[in-house]
Amino acid sequence: MLYEKIVEYTTEILEERYFNVFYIMRTFRISYDITQSYIDKMLENGVISKVENIGIGVSYKVES
């Protein structure tokens, strides 16, 4: 259930913006480990793509 809310947040709210794990952590008030597991699941499902060298650390972007 939380996974679906996170997918909705990243696809509808963030749309084409780059984001990192901390956007989701702050919004949903969950730990880094839990957030990273949801990000990994979204990567596997093709919801987001990994983009490196954008700001500090690893960033992600919603797939069009």
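**Group meeting: the core and the α2/α3 packing**

Okay, let's start in the middle of the protein. The largest nonpolar core has 17 residues, and the ones that touch the most other members are F19, I24, I39, M42 and I48. Which elements feed this core with two or more residues each? Those are α1 (2-13), α2, α3 and β3 (59-62). The largest share comes from α1, with 4 residues.

I should say right away that this is a predicted model, so please keep that in mind through everything that follows.

Let me stay with I39 for a second. If you skip its neighbours within four places in sequence, I39 is in contact with V21, I24, I48 and Y60. I24 and I48 are also on that list of residues touching the most other core members.

Now, zooming out to the whole chain. We've got 3 helices and 3 strands, and going from the N terminus the order is α-β-α-α-β-β. There are 64 residues in the chain, and 36% of them count as buried. If you take contacts with a separation of 6 or more, 43% of them are between residues 24 or more positions apart.

Next up, the helix pair. Generally, you describe two packed helices by the angle between their axes and the distance between the axes. Here, α2 covers residues 21-28 and α3 covers residues 32-44, and they pack at an angle of about 120° with the axes 9 Å apart. That angle makes α2 oblique to α3. As for handedness, α2 passes α3 in a right-handed crossing.

So who's actually meeting whom? On the α2 side we have V21, F22, I24 and M25, and on the α3 side they meet Y32, T35, Q36, I39 and M42. Sort that contact by class and you get 7 nonpolar residues, 2 polar ones and no charged ones. You'll recognise I24, I39 and M42 from the core list I opened with.

Last thing, and it's one for the backbone people: the loop between α2 and α3, which is where R29 sits. Most residues other than glycine have a negative phi. R29 is not a glycine, yet its phi is positive, about 50°. Is R29 buried or exposed? With a relative accessible area of 75%, R29 is exposed.

To wrap up, the bits I'd look at on screen are I39 with its contacts to V21, I24, I48 and Y60, the right-handed crossing of α2 and α3, and R29 with that positive phi. Okay, that's me done.

Definitions and conventions. Residues numbered from 1 in each chain as written. Predicted model: local features only at pLDDT ≥ 70, side-chain atom pairs only at ≥ 80, totals over all residues. Heavy atoms only, no water. Axes fitted to C-alpha atoms, helices over the stretch in contact; angles between N-to-C directions. Parallel < 35°, antiparallel > 145°, perpendicular 65-115°, else oblique. Left-handed = near helix turned anticlockwise from the far one by under 90°. Contact = heavy atoms within 4.5 Å. Nonpolar A, V, L, I, M, F, W, Y, C, P; charged D, E, K, R; others polar. Core = buried A, V, L, I, M, F, W, Y, C linked by side-chain atoms within 4.5 Å. Buried < 20%, exposed > 50% of the residue type's maximum accessible area, 1.4 Å probe, protein only.
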